[in-house]
Amino acid sequence: MILIKKGWTFPLGSVIMIVDKISGTPPFQFSDEKRKVWRFMLKLTLDRDYKAAIYLRLSKEDGDFAFQGGKQESDSISNQRLLILEYLKKCPEITVIREYCDDGYSGANFERPQFRMMMEAVKAGEIDCIVVKDLSRFGREYIDSGNYLQKIFPTLGVRFIAINDGYDNARPDSGANDLVLPFKNLINDSYCRDISIKVRTNLDAKRRSGQFVGSRVVYGYMRDPENKNHLIVDRDVAPIVQDIFKWKLEGMSPAQIADRLNRSGVLSPIEYKKSKGSKQRTVFQTKPQALWSAVAIYRILKNEIYTGTLLQGKTTTPNHKVKKTMLKDKSEWSRTENAHEAIISSAQFDLVQEIMQTDTRSPSGANGVHLFWRRR
């Protein structure tokens with residue numbers, strides 16, 4: 001048996017068995033509940049019919065991706081589609097039955113929703129041909145790209161066409177292209193690495209110069225319309241932030257502050273952003289309308305950004321292929337004072353931090369911390 005990828009098992013010979021999940025059970029003893037698709041390996045030739053899928057992709061780093069400026073599709077995606085359809089006019093044996101598009105997804109890995117759907121269709125035998133503009137649109141990850149093109153697709157009997165690279169594994173001369181293919185994939189991988197290094201360097205330079213490079217702006221601030229890397233005070237909710245700090249100084253706990261805001265009908269941060277047109281969502285929301293919580297209050301009280309200080313670069317990833325974030329040492333954080341207008345004075349912020357280190361709870365029915373209660 002040859003295990004090509006998790007979820008797929010292929011016996012030696014012409015018959016391919018595709019199963020949903022690999023377990024300790026021998027391949028021919030799977031239970032009836034597990035879906036099995038049997039099909040014969042068909043030789044890749046130009047004289048038989050193919051059911052094709054068009055695959056389109058553009059990463060955010062490449063520029064003009066969808067939903068910028070109100071567009072529903074990037075120009076590059078439209079151009080890729082036109083080029084592929086024009087090319088397929090010369091291939092009567094290929095019938096396009098489906099299109100998959102990952103607009104705004106990196107080619108550094110294959111964790112893309114539409115790509116996964118396409119491969120499920122391949123495993124189900126619904127598609128036996130994939131057409132892309134070029135190899136970089138398929139993927140820029142050297143190892144996995146080579147695995148798909150040189151192992152998985154040939155084993156599954158899937159015809160693969162990369163138009164601009166002149167690659168078609170069904171053509172008699174595809175063997176010559178197979179020698180060049182690894183080098184092209186390596187170049188695409190190197191390009192992705194170079195872009196990652198340039199982006200990291202650029203972001204780091206912006207952080208050191210006091211520019212805001214976060215993807216989301218905290219409650220109480222908004223992006224400067226004239227400079228997206230500069231924060232300005234949101235006058236509509238800045239008084240709420242000031243009240244939160246004032247109530248904490250008066251002895252109220254984060255939970256009591258949250259309850260007070262909810263009783264007053266003040267929109268929580270996520271609901272306020274929605275009211276301003278934001279499409280931001282959270283998996284932690286359990287009610288139709290998100291309410292203030294003690295955790296949200298605690299985060300505001302601990303965030304030094306309200307004093308005009310930017311703390312950025314707290315996390316990082318090992319490289320462009322690994323998306324798992326790691327917390328950096330505090331000495332490596334980027335700290336810029338007076339980067340923007342303060343909502344809370346530094347003295348008030350420091351006093352709140354001291355109080356949060358000493359008080360622990362409020363007497364039952366009281367609105368503040370007991371006068372003589374201090375943490376030992």
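**Exercise 1. Identify the contacts of N303 and describe its setting.**

Leaving aside neighbours within four places in sequence, N303 is in contact (heavy atoms within 4.5 Å) with V218 and F349. The model examined here is predicted: local features need pLDDT of at least 70, side-chain atom pairs count only at pLDDT 80 or more, and totals for chains, interfaces and linings use all residues. Residues are numbered from 1 along each chain as its sequence is written, and side-chain values use heavy atoms, with hydrogens and water left out.

Step 1. Locate the residue: N303 lies in the loop between α9 and β12 (310–312). Helices (H or I, at least four residues) and strands (E, at least two) are DSSP runs, numbered from the N terminus.

Step 2. Assign its exposure: N303 counts as partly exposed because its relative accessibility is 25%. Buried means under 20% relative accessible area, exposed over 50%, and partly exposed in between (1.4 Å probe, protein chains only).

Step 3. Consider the partner F349: N303 and F349 are 46 residues apart along the chain, and their C-alpha atoms are separated by 8.9 Å.

**Exercise 2. Determine how α9 is arranged relative to α10.**

Step 1. Two packed helices are described by the angle between their axes and the distance between the axes.

Step 2. The axes of α9 and α10 come within 9 Å and cross at roughly 130°. Axes are lines fitted to C-alpha atoms, for helices over the stretch in contact, and angles run from 0 to 180 degrees between N-to-C directions.

Step 3. That angle makes α9 oblique to α10. Angles under 35 degrees count as roughly parallel, over 145 as roughly antiparallel, 65 to 115 as roughly perpendicular and the rest as oblique.

Step 4. From α9, the contact is made by Y298, L301 and K302; from α10, by F349, V352, Q353, M356 and Q357.

Step 5. By class, this contact has five nonpolar, two polar and one charged residues. Here Ala, Val, Leu, Ile, Met, Phe, Trp, Tyr, Cys and Pro count as nonpolar, Asp, Glu, Lys and Arg as charged, and the others, Gly among them, as polar.

**Exercise 3. Check the span of α6 and examine its packing.**

Step 1. Helix α6 (residues 238–249) has twelve residues and should span 16 Å at 1.5 Å a residue; the expected span is 1.5 Å times one less than the number of residues. The end C-alpha atoms of α6 are 17 Å apart, which agrees.

Step 2. The buried residues in α6 are A238, I240, V241, I244, F245, W247 and K248. Their cover includes β11 (227–233), α7 (254–263), α9 (294–302) and α10 (346–358).

Step 3. The axes of α6 and α9 come within 10 Å and cross at roughly 90°. The two helices are therefore roughly perpendicular.

Step 4. V241, I244, F245 and K248 of α6 meet I297, I300 and L301 of α9. This contact has six nonpolar, no polar and one charged residues.

Step 5. Just after α6, G251 takes a positive phi of about 105°.

**Exercise 4. State which sign phi takes at N338, and place the residue.**

Step 1. Most residues other than glycine have a negative phi.

Step 2. N338 is not a glycine, yet its phi is positive, at about 55°.

Step 3. N338 is found in the loop between β15 (334–336) and α10. With 69% relative accessibility, N338 counts as exposed.
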